[in-house]
Amino acid sequence: MTAIRPEATFDEAVRTAKGAPTRRKVSRKSWQTVIWFVALGALTVLVLYPLVWLVFSTFKPNAEFGQNPGLIPESPTIDNYLRVFEGIAGVPLWRFFANSLFIASMAVIGTVLSSALAAYGFARIKFKGVGVLFAAMIGTLLLPFHVVIIPQYVLFNRLDLIDTYIPLILPKFLATEAFFVFLIVQFIRSIPRDMDEAARIDGAGHFRIFWSIIVPLIKPALITCSIFAFIWAWNDFLGPLLYVTSPEQYPLPIALRLYNDQTSASDYGASVTASLLALVPIMAFFAVFQRFLIGGVATQGLKG
Amino acid sequence: MFNTKRTAALIAAATGTALVLAGCSGGSSGGGGEFDPDEETTLNFAFWGNDVRAGLYDQAIDLFNEEYPNVSVQTSFLPYPDYWERRQTEAAGGGLPDVLATDISYLRQYSENGLLLDLEPYLGEQIDTGPFDEAVLGSGEVADITAGIPISTNAWGLFTNPTLLAEIGVEDFAGGDWDDYTAWIEDTTAAAEAAGVEAWGAGDWTGRIQVFELQQRAQGEELFTEDGEPNFDEDDLRDFWNQTTEQREAGAFIPQQRVEEQLPLGAFDTALTASEMTWDNFGAGYLANLGEGYPELNLIEPPVTEEGAKDLYQKAGMLLSASAGTDHGEAAAIFIDFMVNDPEVGAIFGTNRGLPASETARSSSDLSGLDAQIEEYEASIADRLGDAPPVPIVGFGNIEEEFRVLGTELMFGTVTVDEAVDRFFTEMDVALNS
């Protein structure tokens with residue numbers, strides 16, 4: 001929005017200054033705009049077709065799946081939505097949303113808090129073995145998750161934490177996602193130390209410096225982390241599959257799969273409808289935080 | 001959105017090794033524990049299925065609790081592939097549920113690794129074996145223990161779609177040998193083309209390992225010996241695949257490309273083929289996917305290889321097992337007996353879990369429509385039913401899948417029969433020796 005406005009006022013200024021001839025210029029410009037919009041629009045449709053198909057498919061009755069691969073349902077119905085809202089096996093749909101939302105929110109809080117603290121330590125504090133520890137942390141990035149599945153399961157099983165959300169949430173509070181720590185470390189390193197030093201001279205300790213100086217400056221990085229942490233946790237399938245046992249504790253990705261059973265009938269209508277509904281919160285989350293992300297990048301830097 | 005396929009493959013690879021390790025240290029299946037009806041007991045119970053089956057289990061467990069109020073049953077359910085992913089991790093990490101639904105293709109692996117409780121001591125005591133057919137009950141015995149009690153039986157059958165056949169204007173397959181069936185497929189495909197219906201008689205029936213098994217059994221040979229060695233050679237397989245080479249090339253079967261376009265549904269599900277051979281419990285899924293336009297299916301005997309041969313068999317479709325690590329062995333046995341034998345539980349499920357293996361459960365289920373057809377079918381093939389083959393070897397799933405893939409490649413024309421035979425034996429070697 002703000003990007004277009006100066007241009008508009010510039011155009012207006014040109015128009016008032018030069019009079020008639022500029023009209024042609026303006027119209028040529030708007031022609032270009034139209035072409036751009038059409039081309040970009042067509043490309044978007046192409047890229048988003050699967051999503052559009054998903055939206056339309058939610059109105060297809062079950063029997064049409066497999067028979068009618070096209071976009072438009074032959075006999076549209078809202079039955080899929082009614083069935084999905086009823087829930088699965090006596091568990092209402094909102095419950096799965098609430099479970100997912102809880103896990104994802106805790107993941108965001110845990111990841112941001114712990115990763116930022118860990119990153120501050122790596123970036124600003126000189127302690128023995130910082131290099132080795134940093135390398136070890138980066139090393140965990142190279143370790144596929146599947147290698148640690150069994151030991152992790154054994155650990156949580158011995159602690160009797162199966163069928164709770166703790167195995168899903170606790171690691172997030174312990175800065176186990178090296179990707180985020182690394183991201184924030186790099187961000188902090190780009191901030192001049194002058195401000196830390198100024199604060200130290202004023203008598204601030206590490207926590208004070210972290211909280212009052214670093215955190216406000218690394219907001220864009222924190223927001224990036226939040227977005228990723230939320231999306232990853234929201235979409236996580238394997239974690240809940242291994243650690244959550246009771247159906248009423250299932251998050252959405254698992255609940256979605258319960259509509260399909262190859263040994264009896266599969267409810268494809270309900271399956272696509274629930275998938276679409278599962279996309280909504282994640283899109284909303286992105287829509288809200290994306291503004292902060294861009295805003296954060298724009299205002300970044302040192303002031304006076 | 002959820003990338004589960006890749007993770008499934010990886011976790012399978014990771015757990016495969018770990019499972020073996022766990023088996024080594026897991027000790028013998030000496031678990032158990034006495035049952036005291038006055039003591040509060042909690043049984044964890046896991047099964048695969050969708051929400052419909054979960055609802056039925058809830059009803060069945062309510063009944064169970066009327067009789068055993070102090071046993072609380074915690075259920076957990078997942079779709080089939082995810083169910084096994086979770087179980088594989090538990091098997092490796094400790095913590096299998098007390099009672100779990102098992103499948104004949106996993107039974108050997110779990111049993112040989114000492115993960116399942118031997119139910120032998122409970123047979124005839126807590127678990128009533130009277131209502132079971134000896135051969136069917138025997139399908140739960142593996143590695144010298146009774147590892148599972150069958151819930152249901154399946155048999156191999158030939159489904160045809162009478163509504164589609166009427167559209168095409170062809171009579172249903174009247175029975176006969178494999179040549180008769182192939183000729184009928186050719187006729188149906190030709191008639192469909194003439195009638196302007198986009199349909200084919202069938203897919204290539206040599207694409208399934210079960211059909212190969214059927215023909216081998218007709219000659220008195222099992223696919224694998226008791227020791228898990230292959231019991232057929234390259235020539236057998238080459239002859240098998242060559243039975244339809246001419247028809248594959250002439251286009252009598254549905255083109256593979258058309259099949260792939262329908263995924264995840266099959267060609268028979270979408271009324272593109274008029275017949276398909278598979279396990280008889282697939283009927284309900286077919287009917288649901290076919291929709292209202294095709295309200296009925298016929299279920300008939302597969303073609304005959306050798307008159308009077310005992311080539312068909314009933315296999316346990318789903319079994320209930322208890323984990324070796326359970327502290328409530330006796331309670332688990334009582335629960336298994338109730339879920340398998342109780343007439344009221346049988347009435348609740350009908351054929352949701354397959355045709356009940358237990359006579360008491362079967363006679364009380366009110367079977368109608370396709371369910372009644374399946375019961376009738378399994379009774380009608382009685383004189384072709386032989387002993388079930390030994391419990392599948394570890395790795396049979398991979399071998400079965402490789403066979404199916406080669407079948408599709410033969411249809412695509414990307415391999416010749418000779419190449420396919422070579423590849424199959426190489427892959428089988430890998431699967432058996434890993």
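**Note on a predicted two-chain model**

1. In chain B, strand β1 (residues 41-48) and strand β2 (residues 71-78) run parallel and are joined by 8 bridges. This note concerns a predicted model, and the pairing of β1(B) with β2(B) is a convenient place to begin. One pair of partners in it is N44(B) and Q74(B), the latter belonging to β2(B). Between the two strands, the chain passes through helix α2 (residues 51-67) of chain B, and the resulting β-α-β crossover is right-handed. The student may wish to trace this path in the structure, from β1(B) through α2(B) to β2(B).

2. How many of the residues of β1(B) are buried? The count is 7 of 8, and the strand is accordingly described as mostly covered. Strand β1(B) also pairs with strand β3 (residues 99-102) of chain B; these two run parallel as well, and 2 bridges join them. Here F45(B) has V99(B) of β3(B) as its bridge partner. Strand β1(B) thus has bridges to β2(B) and to β3(B).

3. Strand β3(B) deserves a paragraph of its own. With strand β9 (residues 314-322) of chain B it forms 4 bridges, in the antiparallel sense. The bridge partner of L100(B) in β9(B) is S321(B). Strand β3(B) is therefore a useful example for comparing directions, given that a pairing requires at least two bridges: its pairing with β1(B) is parallel, whereas its pairing with β9(B) is antiparallel.

4. Which residues of β3(B) point one way, and which the other? V99(B) and A101(B) point to one side, while L100(B) and T102(B) point to the other. In a regular strand, side chains alternate between the two faces of the sheet. All four of the named residues of β3(B) are buried, whichever way they point.

5. Two loop residues of chain B illustrate opposite surroundings. T273(B) is found in the loop between α11 (256-261) and β7 (275-279) of chain B. T273(B) counts as buried because 27 other C-beta atoms lie within 10 Å, and the cut-off for a buried residue is 20 or more. Leaving aside residues up to four places away in sequence, the residues that T273(B) touches include A199(B), W200(B), G201(B), I254(B) and F268(B). From T273(B) to E198(B) the separation is 75 residues in sequence, and their C-alpha atoms are 8.9 Å apart in space.

6. Is E171(B) buried or exposed? This residue lies in the loop between α6 (162-168) and α7 (178-195) of chain B. E171(B) is exposed because 11 other C-beta atoms lie within 10 Å, and a residue with 12 or fewer is classed in this way. Its C-alpha atom is separated by 8.8 Å from that of T188(B), which is 17 residues away along the chain.

7. The domain assignment of chain B gives domain 1 (8-152 + 317-367) and domain 2 (156-313 + 392-433). Their C-alpha centres lie 32 Å apart. Domain 1 of chain B contributes 6 residues to the contact, and domain 2 of chain B contributes 6 residues. On the domain 1 side, helix α4 (residues 104-112) of chain B gives the most, with 4 residues.

8. Chain A has 14 helices and 0 strands. Of its 304 residues, 30% are buried. Among contacts in chain A with a separation of 6 or more, 71% are between residues 24 or more positions apart.

9. Chain A is divided into domain 1 (4-84) and domain 2 (89-299). The contact between them takes 12 residues from domain 1 of chain A and 11 residues from domain 2 of chain A. On the domain 1 side, α2 (22-57) and α3 (79-86) of chain A each supply at least two residues. Helix α3(A) gives the most to that side, with 4 residues.

10. Finally, helix α6 (residues 145-158) of chain A may be examined in detail. Its 14 residues reach 20 Å from the first C-alpha to the last, close to the 20 Å expected at 1.5 Å a residue. Where is the kink in α6(A) centred? The kink, of about 30°, is centred on P151(A). The buried residues of the helix are I149(A), I150(A), Y153(A) and F156(A). Just after α6(A), D160(A) adopts a positive phi of about 60°.

Technical notes. Residues numbered from 1 in each chain as written. Chains lettered and ligands numbered in written order. Predicted model: local features only at pLDDT ≥ 70, side-chain atom pairs only at ≥ 80, totals over all residues. Expected span 1.5 Å × (residues − 1). Bend = angle between axes of the 7 residues up to and from the residue. Right-handed = clockwise from strand over helix to strand, strands pointing away. Contact = placed C-beta atoms within 7 Å. Domains from an automatic or database assignment.
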